[in-house]
Amino acid sequence: MAAAGYHERGAIPLVVNVHPWEIDPEQPLLGFSRLQKWTHYARLGSTEGILRRVLRRGRYAPIAIRLRELGLLETIAGNGHP
């Protein structure tokens, strides 16, 4: 949430990337060490709520559109795709 606020205040585009396992608290536990299990699984139950709050904060579009808006990606004439 802090990163989303920072980007919002500075009008800086935010890239949100979520792996499917990051929102699945029912996933099977793998045989990691105790520390690895904690860092991998500790917040799974809250990830979905955090993601929903972040997504409510702004407007979102495919990354190619944002990169073109910033002048970092050129559009190929004819089909509109990079």
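## Reading a predicted four-helix chain, starting from Arg 66

Mentor: Let us begin with one residue, Arg 66, which lies in helix α4. Please keep in mind throughout that this is a predicted model.

Trainee: How should I read the surroundings of Arg 66, and is Arg 66 buried or exposed?

Mentor: The general idea is to compare the relative accessible area with a cut-off, and buried means under 20%. Arg 66 counts as buried because its relative accessibility is 13%. Leaving aside neighbours within four places in sequence, Arg 66 is in contact with Arg 59, Tyr 60 and Ala 61.

Trainee: With which residue does Arg 66 form a salt bridge?

Mentor: The partner is Glu 69, and the closest N and O atoms of the pair are 2.8 Å apart. Both residues lie in helix α4, three residues apart, which is about one turn of the helix. The general idea behind such a spacing is that an α-helix has 3.6 residues a turn, so residues three or four places apart point the same way. In contrast to the buried Arg 66, Glu 69 is partly exposed, because its relative accessible area is 49%.

Trainee: How many salt bridges does the count come to, and which side chains meet in the one within helix α3?

Mentor: The count comes to two salt bridges. Besides the pair in α4, the side chains of Glu 48 and Arg 52 meet in a salt bridge, with 2.8 Å from N to O. Glu 48 and Arg 52 both lie in helix α3 and are four residues apart, again about one turn of the helix. Glu 48 counts as partly exposed because its relative accessibility is 38%, and Arg 52 counts as partly exposed because its value is 49%.

Trainee: Tyr 60 appeared among the contacts of Arg 66, so where is Tyr 60 found?

Mentor: Tyr 60 is found in the loop between α3, residues 44–56, and α4, residues 63–69. With a relative accessibility of 37%, Tyr 60 counts as partly exposed. To read a surface patch, one looks for residues that together make up an area of a given character. Here Tyr 60, together with Val 16, Val 18, Ile 23 and Leu 55, makes a nonpolar surface patch of about 370 Å².

Trainee: How can I read the sides of a helix, and which residues of α1 are buried?

Mentor: One asks where the buried residues fall around the helix axis. In helix α1, residues 2–9, the buried residues are Ala 4, Gly 5 and His 7. They are on the same side of α1, because they cover an arc of only 165° around the axis. On the other side of α1, Ala 2 and Arg 9 are exposed. What covers the buried residues of α1 includes α3. Just after α1, Ala 11 takes a positive phi of about 50°.

Trainee: What pattern does the whole chain follow, and what share of its residues is buried?

Mentor: Read along the sequence, the pattern is α-α-α-α, with four helices and zero strands in the secondary structure. Buried residues make up 11% of the 82 residues in the chain. The chain exposes about 6700 Å², and carbon and sulfur atoms supply 59% of that area. For contacts along the chain, one considers how far apart the joined residues are in sequence: among contacts between residues at least 6 apart, 33% join residues at least 24 apart.

Note on methods
Residues numbered from 1 in each chain as written. Predicted model: local features only at pLDDT ≥ 70, side-chain atom pairs only at ≥ 80, totals over all residues. Heavy atoms only, no water. Patch = residues over 30% accessible without salt bridge, like charges linked within 9 Å, V, L, I, M, F, W, Y side chains within 5 Å. Areas by Shrake-Rupley, 256 points an atom, 1.4 Å probe, with all protein chains shown as cover. Salt bridge = Lys/Arg side-chain N within 4 Å of Asp/Glu carboxyl O. Helix = DSSP H or I, 4+ residues; strand = E, 2+ residues; numbered from the N terminus. Buried < 20%, exposed > 50% of the residue type's maximum accessible area, 1.4 Å probe, protein only. Contact = heavy atoms within 4.5 Å. Arc of directions from axis to C-beta.
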